[in-house]
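Subject: Structure for you to look at

Hello,

Here is the structure I said I would pass on. Please open it first and keep it beside you while you read the notes below.

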Amino acid sequence: MFDSLCDLAALVYDKDQDPDRILRDFAADLNHRGYRAVGLVQLGHHCVDDNLSAMLVHTGEQLHLFQDLGSCSTGCRLDVGQLLDAGQQIANAIDQGADLLIVNRFGRQEREGKGLSYLVERALSADIPVVIAVPSRRFADWIRFAAGMSVKLHCDRESLDAWWDAVSARNGSVIAQNHQTVCEVLK
């Protein structure tokens, strides 16, 4: 599924860290600088917030991700249908051209090959770098999923920026080598 030329990064976080804020700010900065970051970033912590929502970073649209199962419910409250709808919107955005895919979490759904996991493969197949928030307790699962082909980033903006600078510089030089100017085409 992945090869050594793929640009895949895991922003690995502990319970006391906020990967959502880091990814949200990062996406906003990239989009402001003219890049096209697409994907989904969580806007709350599901363990304390019954109103968990997420934001599509390429449109700013907020989506409610929990379904109300009642006060005595112990089952998974993730609205998988809403997550898959968001995934379809992200897939369409990838098809329209993207510089980076951001995936909000490597959670239970993704660990099982469900959820938004297919977007990782789709983006990498199109040579679009991917960054995903991975809880430290699931990092071993992530490495299995990624077949070891992943960069492990600290959960801070400096690590994320350094990774992106290296990825975008390398990808930019490949594009520049293969790109012909109008003058070259007309010669």
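In which loop does A147 lie? A147 is found in the loop between α5 and β7 (151–154). I come back to this residue further down.

Please keep in mind that this is a predicted model. The pLDDT of the chain averages 81, and 77% of the residues score at least 70. Over residues 1–6 the value is below 50, and this stretch has 11 contacts in the model beyond near neighbours in sequence. Residues 173–187 also stay under 50 in pLDDT. For residues 173–187, the model has two contacts beyond four places in sequence.

The chain as a whole

There are seven helices and seven strands in the chain. Read from the N terminus, the order of the elements is β-α-β-β-β-α-β-α-α-β-α-β-α-α. The chain has 187 residues, and buried residues make up 43% of them. If you take the contacts between residues at least 6 apart in sequence, 67% of these join residues at least 24 apart. The chain exposes about 10,100 Å², of which carbon and sulfur atoms supply 49%.

Strand β5 and its partners

A useful place to begin is β5. Which strands pair with β5 in the parallel sense? One is β2, which pairs with β5 over three bridges. Another is strand β6 (residues 130–135), and this pairing with β5 also runs over three bridges. You can follow the connection through I102: this residue of β5 is the bridge partner of G39, and in β6 the bridge partner of I102 is V131.

In a regular strand the side chains alternate between the two faces of the sheet. In β5, L100 and I102 are on one side, while L101 and V103 are on the other. These four residues are all buried, and both faces of β5 are covered.

Aromatic rings

The structure holds six aromatic pairs. One of them is formed by Y35 and W164, with 5.2 Å from centre to centre and 90° between the planes, which makes it edge-to-face. This pair links distant parts of the chain: Y35 is in the loop between α1 (19–32) and β2 (37–42), W164 is in helix α6 (residues 157–178), and the two are 129 residues apart. Is Y35 partly exposed or buried? Y35 counts as partly exposed because its relative accessibility is 29%. W164 has a relative accessible area of 3%, so W164 is buried.

Another pair is made by F106 and F145. Their ring centres are 5.5 Å apart and their planes are at 50°, so this pair is tilted. F106 is in the loop between β5 (100–103) and α3 (108–111), F145 is in helix α5 (residues 139–145), and 39 residues separate them in sequence. F106 and F145 are both buried.

Ring pairs also join F26, Y35, W163 and W164 into a cluster. A further ring to look at is that of F139, where K152 lies over the face at 4.7 Å from the ring centre.

Two residues with positive phi

Most residues other than glycine have a negative phi. Against that background, A147 has a positive phi near 55°, and it is not a glycine. With 56% relative accessibility, A147 counts as exposed, because the cut-off for exposed is over 50%. D127 is a similar entry for your notes: its phi is positive at about 60°, and D127 is not a glycine either. D127 sits in the loop between α4 (117–125) and β6. Its relative accessible area is 65%, so D127 is exposed.

The surroundings of L43

Last, please look at L43, in the loop between β2 and β3 (53–56). L43 has a relative accessible area of 28% and is therefore partly exposed. Which residues does L43 contact, leaving aside its neighbours within four places in sequence? They are R24, S53, A54, M55 and Q62. In the case of R24, the distance to L43 is 8.8 Å from C-alpha to C-alpha, and the two residues are 19 apart in sequence.

Regards

How values were computed. Residues are numbered from 1 along each chain as its sequence is written. This is a predicted model: local features need pLDDT of at least 70, side-chain atom pairs count only at pLDDT 80 or more; totals for chains, interfaces and linings use all residues. Side-chain values use heavy atoms; hydrogens and water are left out. Rings of Phe, Tyr and Trp (its six-membered ring) pair if their centres lie within 6.5 Å; planes under 30 degrees apart count as stacked, over 60 as edge-to-face and the rest as tilted. Buried means under 20% relative accessible area, exposed over 50%, partly exposed in between (1.4 Å probe, protein chains only). A charge sits over a ring if NZ of Lys or CZ of Arg is within 6 Å of the ring centre and within 35 degrees of the ring normal. Contact means heavy atoms within 4.5 Å. Accessible areas come from the Shrake-Rupley method with a 1.4 Å probe; for residues, only the protein chains shown count as cover. pLDDT is the predictor's confidence in each residue, from 0 to 100. Two strands pair if DSSP finds at least two bridges between them.
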